[in-house]
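Visitor: I've got a structure open and would like to learn how to read it. Could you walk me through it?

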Protein chains: 4
Amino acid sequence: MLTFDYRKRVRYGETDMMGYLYYGNYAQLYEIGRVEMMRSIGLSYRKMEEKYRVMMPVVEVQARYIKPARYDEELTIRTTLQSLPGRIITFFNDILSEDGHVIHRATVRLVFINMDTGKAVACPPYLMDGLKSYF
Amino acid sequence: MLTFDYRKRVRYGETDMMGYLYYGNYAQLYEIGRVEMMRSIGLSYRKMEEKYRVMMPVVEVQARYIKPARYDEELTIRTTLQSLPGRIITFFNDILSEDGHVIHRATVRLVFINMDTGKAVACPPYLMDGLKSYF
Amino acid sequence: MLTFDYRKRVRYGETDMMGYLYYGNYAQLYEIGRVEMMRSIGLSYRKMEEKYRVMMPVVEVQARYIKPARYDEELTIRTTLQSLPGRIITFFNDILSEDGHVIHRATVRLVFINMDTGKAVACPPYLMDGLKSYF
Amino acid sequence: MLTFDYRKRVRYGETDMMGYLYYGNYAQLYEIGRVEMMRSIGLSYRKMEEKYRVMMPVVEVQARYIKPARYDEELTIRTTLQSLPGRIITFFNDILSEDGHVIHRATVRLVFINMDTGKAVACPPYLMDGLKSYF
């Protein structure tokens with residue numbers, strides 16, 4: 001299993017008139033979470049696209065909004081990978097408030113697409129090799 | 001049952017470097033869909049907040065990304081309410097491509113919060129009365 | 001001279017905790033304004049990129065925020081081209097409130113870049129030919 | 001004079017189909033820059049709103065886009081205050097690429113509004129006292 005925490009502050013432009021982080025902006029948190037988790041073990045999403053020509057579009061999101069996130073709060077994006085990817089990779093994202101409570105939970109599934117053929121492929125070796133030692 | 005279609009074009013600023021509508025921006029489409037459905041039967045979300053002091057935060061989103069949406073494409077946001085709300089209201093959103101295929105599906109659940117007490121309440125009469133005749 | 005009006009409603013996700021349209025979201029209005037002005041005279045920005053391989057990055061923005069825009073307000077984006085483009089094209093954007101007052105003014109300058117060479121070029125014939133008869 | 005540097009990575013959702021940071025998203029960088037500059041000298045924008053009931057809407061932006069910013073690049077937001085605020089506060093924002101070049105320059109002017117009266121006021125003592133020793 002692999003888990004990684006990353007801090008992200010709620011910005012003014014991300015709030016809405018309720019005064020909370022707009023519900024549509026959590027997807028950006030999941031993105032930050034998975035990219036920074038990859039970076040934490042030496043993997044670069046950008047390199048995967050540029051060098052290995054594989055992109056990872058999202059195919060499914062399941063999200064529960066438990067409590068709102070306030071302006072200027074420093075959230076923790078906790079990203080977990082519970083198993084090695086096959087043709088699908090599943091990230092679990094818990095968002096924690098500044099005082100440590102889980103305020104949001106999401107499951108995000110992505111696939112691997114060869115950018116030259118447009119076809120779905122298995123998890124590329126670059127990513128798999130980086131992940132293996134954690135499972 | 002109540003269904004409403006609303007057209008929305010994909011803007012440059014809503015795309016990402018894949019060249020498609022960024023996955024995080026679909027939440028804005030659901031919002032547009034439910035607000036415009038309400039407007040189509042004479043209900044105003046803004047009035048519900050301002051006059052009746054009830055807001056509707058999202059508590060759950062389930063979304064499937066079937067095909068990408070391209071820049072400048074005129075999408076159809078098809079919003080459906082299958083039953084009258086109780087303490088929860090559930091909107092089903094189908095996003096259709098310009099040529100009529102369902103490219104995205106989401107189920108979005110919201111609750112009703114009294115803005116003065118911060119407490120969850122039942123669907124306010126303003127909304128219920130407007131919806132009743134359709135069910 | 002060429003002027004075009006386009007209506008755009010302020011969405012919840014575009015407001016911030018002040019309760020107004022977030023100042024960073026006006027740039028999306030300018031984009032909508034210039035693309036819809038082009039469409040109104042039969043020109044497609046997307047086609048310009050795809051077929052003629054010219055893109056138009058913004059090089060300068062000057063903006064004055066006169067009054068705030070409220071949630072759910074139907075704004076008018078008034079886009080004006082005062083002269084034919086050379087290597088730079090300058091759009092003037094007035095944003096009008098629902099009751100017809102100018103609440104925002106911007107001048108936006110863009111250049112033409114050949115997408116294959118990455119070099120700045122003159123206004124492509126596709127665009128120039130479409131614009132000529134208005135000046 | 002007061003200058004502060006803050007690092008911010010370009011996220012996927014902030015790019016557009018050109019593959020660069022969307023021009024409309026720079027405004028979020030200015031916001032981050034000025035809020036983090038304030039935090040660096042012990043001032044909280046949130047506290048200014050909550051405790052002192054003063055908000056700071058933007059009234060003017062002048063921006064020059066010199067070079068594009070790429071996905072995943074770690075930009076530096078350099079925020080400078082050249083003089084003490086009066087009824088207007090002017091921030092200068094230079095955005096530097098990962099290799100240290102200025103790729104964007106903006107001047108952003110904001111005013112102070114008493115949130116209870118809606119009237120413009122002078123720079124509140126909370127902010128002025130925090131800034132004074134730097135000028």
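Guide: We'll go through confidence, then the contacts between chains, then a helix and a single residue.

Visitor: Before anything else, how far does the predictor trust chain A and the complex?

Guide: Keep in mind that this is a predicted model. As a general idea, coordinates should not be read in detail where pLDDT is low. Here chain A averages a pLDDT of 97, and 100% of its residues score at least 70. For the complex, the predictor gives an ipTM of 0.95 and a pTM of 0.97.

Visitor: OK, on to symmetry. What rotation superposes chain A on chain B?

Guide: A rotation of 180°, with 0.0 Å of shift along the axis and an RMSD of 0.0 Å. The two copies are thus related as by a two-fold rotation axis. If you want a landmark, look for Q62(A): of the residues of chain A, its C-alpha comes closest to the rotation axis, at 2.2 Å.

Visitor: And how many residues does each of chains A and B bring to their contact?

Guide: The general idea first: the size of an interface is often given as the accessible area lost when the parts come together. We'll go by residues here, and the contact takes 16 from chain A and 16 from chain B. On the chain A side, α1 (26-40) and β3 (58-65) each supply at least two residues. The biggest giver on that side is β3(A), with 8 residues. By type, the chain A side divides into 11 nonpolar, 3 polar and 2 charged residues.

Visitor: Do the copies meet through the same surface or different ones?

Guide: The same one: 100% of the interface residues of chain A are also interface residues in chain B, so the copies share that surface for meeting.

Visitor: In what sense do β3(A) and β3 of chain B pair?

Guide: Antiparallel, over 5 bridges, with the chain B strand covering residues 58-65. For one bridge to find on screen, take E60(A), whose partner in β3(B) is R64(B).

Visitor: How many residues does the contact between chain C and chain A take from each?

Guide: That contact takes 9 from chain C and 9 from chain A. The chain C side has 4 nonpolar, 4 polar and 1 charged. Chain C superposes on chain A by a rotation of 180° with 0.0 Å of shift along the axis, at an RMSD of 0.0 Å. Once more the same surface serves both copies, as 100% of the contact residues of chain C recur in chain A.

Visitor: Now a helix. What span should α1 of chain B have, going by its residue count?

Guide: Helix α1(B), residues 26-40, has 15 residues, and at 1.5 Å a residue these should span 21 Å; the end C-alpha atoms are 21 Å apart, which agrees.

Visitor: How many of the residues of α1(B) are buried?

Guide: 12 of the 15, so α1(B) is largely enclosed by the rest of the structure. Among the buried ones are Y26(B), L29(B), I32(B) and M38(B). Just after the helix, G42(B) takes a positive phi of about 85°.

Visitor: Last one: is L127(C) buried or exposed?

Guide: Buried: L127(C) has 20 other C-beta atoms within 10 Å, and 20 is enough to count as buried. L127(C) sits in helix α3 (residues 125-132) of chain C. Leaving out residues up to four places away in sequence, L127(C) touches L43(C) and M48(C). As for R7(C), 120 residues away along the chain, its C-alpha is separated from that of L127(C) by 23 Å.

Terms used:
Residues numbered from 1 in each chain as written. Chains lettered and ligands numbered in written order. Predicted model: local features only at pLDDT ≥ 70, side-chain atom pairs only at ≥ 80, totals over all residues. Contact = placed C-beta atoms within 7 Å. Nonpolar A, V, L, I, M, F, W, Y, C, P; charged D, E, K, R; others polar. Least-squares fit on C-alpha atoms with pLDDT ≥ 70 in both. Helix = DSSP H or I, 4+ residues; strand = E, 2+ residues; numbered from the N terminus. Pairing = 2+ DSSP bridges. pLDDT = per-residue confidence, 0-100. Expected span 1.5 Å × (residues − 1).
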